[in-house]
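Biologist: Could we go through how some helices pack in this model? Please explain the terms as we go.

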Amino acid sequence: MLFRSLARAFDAMIRDIAEGQARLAAQARELQGRNAQLDTALANMSQGLCMYDADGGLALVNQRFASIYNIPRDAIAPGMSFWSVLETLEQHGCINEAEMRRAATDHERALRKGARADFTQHLADGRSVAIAQAMMDRGGWVTTYEDISERVAAEQQINHMALHDPLTELPNRALFRQTLNKATSLVRRGSKCAVLCLDLDHFKQVNDTLGHPVGDQLLCAVADRLRDCVREHDTVARLGGDEFAVVQTEI
């Protein structure tokens, strides 16, 4: 009787162990699947990502971060501090020392506030990177990096087109007015400025007899000659048609 009871208890214990092992194996497979999904997500992100733990050590970094900064994949490794990551970027020529210290200052300010912060980092090769830093509930923070060079270049091009003549690349009437307003504000402080307005005689005849392409070439030649005639801080503008203007300050 006792032997049977012990046998049943032993069988039950064996079943419990087997079921426990099966549950552990299932949990391990589930965890492995989640890790694989996380690795796939990190590898296919369009943004670079760095995650730091509560002690300030790098816990996670994806491949995109290295590709944005054009550094070897193993140059940044878990366990590094935020400052060590910045030093590595500086050593590889991605950022200069001034940009490195500015990034550190922005980072420390964001940590003190404990809120999301957004920065723009200017790389040594002329590219721009948008950086977003957010705190995590259990300490530490996560930072994402996005190469926005094309967006910045497009915005700069749009701004340039809004203020410059498309044919001669001279400042247009809008930028001329801005420059003139600044010059006149300096006049009120005792400075002197001069405004010269000029146009081309018989320009219509050039267009009518030689064609508009030749007229455009003439306007570009006039723009180049006017640029050569003024000082670096003077402004030559095309007001429209064959009309030009020059604003000279500090005369």
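Biologist: At what angle do H3 and helix H4 pack?
Modeller: H3 and helix H4 (residues 97-113) pack at an angle of about 160°, and their axes are 10 Å apart. Angles run from 0 to 180 degrees between N-to-C directions, and axes are lines fitted to C-alpha atoms, for helices over the stretch in contact. H3 is therefore roughly antiparallel to H4, a term for angles over 145 degrees.

Biologist: Which residues make the contact?
Modeller: Phe82, Trp83, Leu86, Glu87 and Glu90 of H3 meet Glu97, Met100, Arg101, Ala103, Ala104 and His107 of H4; contact means heavy atoms within 4.5 Å.

Biologist: Is this a predicted model, and what is counted?
Modeller: This is a predicted model, in which local features need pLDDT of at least 70 and side-chain atom pairs count only at pLDDT 80 or more, while totals for chains, interfaces and linings use all residues. Residues are numbered from 1 along each chain as its sequence is written, and side-chain values use heavy atoms, leaving out hydrogens and water.

Biologist: Is threonine 88 buried or exposed?
Modeller: Threonine 88, which lies in helix H3 (residues 82-91), counts as buried because its relative accessibility is 9%. Buried means under 20% relative accessible area, with a 1.4 Å probe and protein chains only.

Biologist: What does threonine 88 touch?
Modeller: Leaving aside residues up to four places away in sequence, threonine 88 touches Ala75, Ile76 and Met80.

Biologist: Now, how far apart are the axes of H7 and H8?
Modeller: The axes of helix H7 (residues 203-210) and helix H8 (residues 212-229) are 7 Å apart, at an angle of about 140°.

Conventions: Helices (H or I, at least four residues) and strands (E, at least two) are DSSP runs, numbered from the N terminus. Buried means under 20% relative accessible area, exposed over 50%, partly exposed in between (1.4 Å probe, protein chains only). Angles under 35 degrees count as roughly parallel, over 145 as roughly antiparallel, 65 to 115 as roughly perpendicular and the rest as oblique.
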